Amino acid sequence: MVRHGQIIDRFTAFQETHPFLLAAVNQVPAFDARLHWPTAIEGVTMDHYIAWMKSAYWITTTFCPAISVPAGFTAEGLPVGIQIVGRHRDDLGVLKLAYAFEQATGVGKRKPLLLRSTASQAQIQK
């Protein structure tokens with residue numbers, strides 16, 4: 001509980017000068033649904049299913065509101081997103097910034113390709 005309190009205090013101090021934090025939603029883009037989870041990212045072993053989602057779940061420790069929004073696509077056409085994290089209890093501010101981001105970028109209007117397999121992906125990219 002002490003360490004958790006320290007995380008909250010440090011994040012609160014950070015947000016005194018930075019009211020919002022923008023971060024990656026996931027550490028990897030969408031992957032084949034037949035895989036249980038990415039077992040390694042950039043050479044770092046993921047010991048269990050939830051490990052590949054650290055960039056998203058660590059934010060929950062701050063007790064701050066967060067939202068994920070579409071942010072773009074990989075070179076292969078896979079969707080990627082960002083999470084917008086606001087100050088404690090500033091849910092409305094987070095929603096407003098997410099809306100403004102979506103309106104300014106228009107990324108959410110583009111639909112990603114649905115790929116069924118690596119072979120299908122190769123055919124689509126031709």
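The exchange below takes up a helix, a sheet and two loop residues in a predicted model.

Me: Why is Phe63 called exposed?
Reply: The cut-off for exposed is over 50% relative accessible area. Phe63 has 53% relative accessibility, so it counts as exposed. Phe63 sits in the loop between α2 (54-60) and β4.

Me: What makes the phi of Phe63 worth a remark?
Reply: Most residues other than glycine have a negative phi. Phe63 is not a glycine, yet its phi is positive, about 60 degrees.

Me: Which residue in the loop between β5 and α3 has a positive phi, and why is that residue called exposed?
Reply: Arg89 is found in that loop, and its phi is positive at about 70 degrees although it is not a glycine. Exposed means over 50%; Arg89 has 72% relative accessibility and therefore counts as exposed.

Me: How do you know what span to expect for α3?
Reply: Helix α3 covers residues 91-105, which is 15 residues. The expected span is 1.5 Å times one less than the number of residues, and for α3 this is given as 21 Å. From first C-alpha to last, α3 reaches 21 Å, close to the expected value.

Me: Which residues of α3 are buried, and how do you know that they share a side?
Reply: Gly93, Val94 and Ala98 are buried in α3. They cover an arc of only 135 degrees around the axis, which puts them on the same side of α3. Leu92, Lys96 and Tyr99 are exposed, on the other side of α3.

Me: What do the buried residues of α3 pack against, and what follows the helix?
Reply: The buried residues pack against β4 (66-73) and β5 (79-85). Gly106 comes after α3, with a positive phi near 70 degrees.

Me: What makes β1 and β4 edge strands?
Reply: The open sheet has 3 strands in the order β1-β5-β4, with antiparallel pairing. β1 (21-24) and β4 each pair on one side only, and they are the edge strands. From one strand to the next, the twist averages 30 degrees.

Me: How do you know that β1 and β5 pair?
Reply: Two strands pair if there are at least two bridges between them. β1 and β5 are joined by 4 bridges, so the condition is met, and they run antiparallel. Leu22 stands opposite Ile84 in β5. α3 packs on this sheet and touches β1, β4 and β5, and its direction makes about 10 degrees with that of β4.

Notes: Residues are numbered from 1 along each chain as its sequence is written. This is a predicted model: local features need pLDDT of at least 70, side-chain atom pairs count only at pLDDT 80 or more; totals for chains, interfaces and linings use all residues. Side-chain values use heavy atoms; hydrogens and water are left out. Helices (H or I, at least four residues) and strands (E, at least two) are DSSP runs, numbered from the N terminus. Buried means under 20% relative accessible area, exposed over 50%, partly exposed in between (1.4 Å probe, protein chains only). The arc is that of the directions from the helix axis to the C-beta atoms. Contact means heavy atoms within 4.5 Å. Axes are lines fitted to C-alpha atoms, for helices over the stretch in contact, and angles run from 0 to 180 degrees between N-to-C directions.
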